[in-house]
Amino acid sequence: MASKIKVKEQILDLPKVEDSRGNLSFIEEGGQIPFKIARVYWISDVPAGQKRGSHAFKTQEEIIIALSGSFDVVLNDGKETRTYQLNRAYKALYVPAKMWRTLENFATNSVCLVISSGAYDEVEYIRNFKKFKQFLKIEEGQTEANPLESESIQESKTIVQDNTVLGCSQIQLPAIKSRAGNLTPIHCSLDIPFDVKRVFFVYDIPYGKTRGMHAHRKCHQFLLAASGSFDVELDDGKSKRSISVNRPTQGIHVLPGIWSKEYNYSSGAICLVLASEAYTEEDYIRKYSDFKKMYGN
């Protein structure tokens with residue numbers, strides 16, 4: 001019988017790029033994330049005393065981040081309980097499959113970001129702790145899959161694009177509301193028209209500062225306000241368009257070849273960005289004069 005590989009949870013230290021215009025942290029496939037991203041969702045407006053989760057996944061893995069505020073993640077592997085407090089945007093918790101988890105002790109205005117290896121599937125959930133313990137007994141003796149070998153169930157789709165400011169669409173996202181708070185999910189290549197390989201977020205943004213001011217050659221991005229609000233100016237080299245981003249259930253699909261800048265950040269605003277590519281400096285166009293030469297004619 002193959003030896004059993006025990007995969008445990010762990011705290012991940014995310015990069016924190018400090019800047020006078022605000023801090024930026026990121027996480028991406030092939031880096032800190034040991035699986036392909038299939039789904040990203042965030043939980044907000046959790047009333048005092050409410051809990052979220054209280055379930056386990058059979059095969060899905062997760063990364064959990066406190067974008068703002070704080071909360072506790074309580075994990076149980078069937079033998080012992082361990083509690084992790086998340087209260088920094090540059091700290092993430094990796095949670096493997098077959099782990100009972102509960103989110104609790106939410107501070108006011110907290111936003112919980114979750115990155116998952118699987119799409120929503122009710123069959124994946126174990127919602128009764130007694131059944132969870134029974135499931136673990138059945139699983140004993142079987143070899144656990146290495147998380148690095150996990151596969152996304154979503155397939156990449158060809159993106160039909162119009163690389164103009166009018167082609168950058170505003171997308172309304174699903175909103176699942178309950179007395180325990182609001183949840184907004186994004187399934188790769190379903191709710192947005194690309195697979196997500198990188199997630200980053202800008203926070204602690206001083207008043208009056210501007211971010212962005214660049215374009216991408218290949219990368220698609222989806223921008224939204226996980227908290228607060230800000231404005232986005234889009235520029236295709238010929239025309240410009242400004243859009244206000246002020247709710248966590250609606251974002252902007254920014255196409256490659258579009259110059260963008262973000263400004264008018266409200267107090268406590270968090271800009272959350274889902275990107276189709278891992279970071280490469282070669283993908284950036286950082287000088288506006290170079291951008292105009294490429295796209296202005």
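**Thr184 and the salt bridges**

Thr184 sits in strand β15, which covers residues 181–187. The model is a predicted one. The relative accessibility of Thr184 is 4%, so the residue counts as buried, the cut-off for that class being under 20%. Leaving aside residues up to four places away in sequence, Thr184 touches Val40, Tyr41 and Trp42. Its contacts also include Leu173 and Pro174, as well as Pro248 and Thr249.

The charged side chains come next. The model holds eleven salt bridges, where a side-chain nitrogen of Lys or Arg has to be within 4 Å of a carboxyl oxygen of Asp or Glu. Three of these pairs are described here, with their burial and their place in the chain where that is known.

One of them joins Arg82 to Glu9, with 2.5 Å between the closest N and O atoms. Arg82 belongs to strand β8 (residues 81–86), while Glu9 is in the segment before β1 (10–13), so this salt bridge ties together parts that are 73 residues apart in sequence. Arg82 has a relative accessibility of 13% and therefore counts as buried. Glu9 is buried too, because its relative accessible area is 8%, again under the limit of 20%. The pair does not stand by itself: Glu9 and Arg82 are linked with Asp77 and Glu80 in a network of salt bridges.

A second salt bridge is formed by the side chains of Lys91 and Asp13, at 2.3 Å from N to O. Lys91 is in strand β9 (residues 91–95) and Asp13 is in strand β1, so the parts that this pair ties together are 78 residues apart in sequence. Its two members fall into separate accessibility classes. Lys91, at 30% relative accessibility, counts as partly exposed. Asp13 has a relative accessible area of 55% and is therefore exposed, since that class begins over 50%.

The third pair is Arg286 and Glu281, whose side chains meet in a salt bridge of 2.6 Å, N to O. Arg286 counts as partly exposed because its relative accessibility is 44%. Glu281 counts as partly exposed as well, at 35% relative accessibility.

Taken in terms of burial, the Arg82 side of the first pair is buried, and so is Glu9. In the second pair, Lys91 is partly exposed and Asp13 is exposed. In the third, the label partly exposed applies to Arg286 and to Glu281.

Technical notes:
Residues are numbered from 1 along each chain as its sequence is written. This is a predicted model: local features need pLDDT of at least 70, side-chain atom pairs count only at pLDDT 80 or more; totals for chains, interfaces and linings use all residues. Side-chain values use heavy atoms; hydrogens and water are left out. Helices (H or I, at least four residues) and strands (E, at least two) are DSSP runs, numbered from the N terminus. Buried means under 20% relative accessible area, exposed over 50%, partly exposed in between (1.4 Å probe, protein chains only). Contact means heavy atoms within 4.5 Å.
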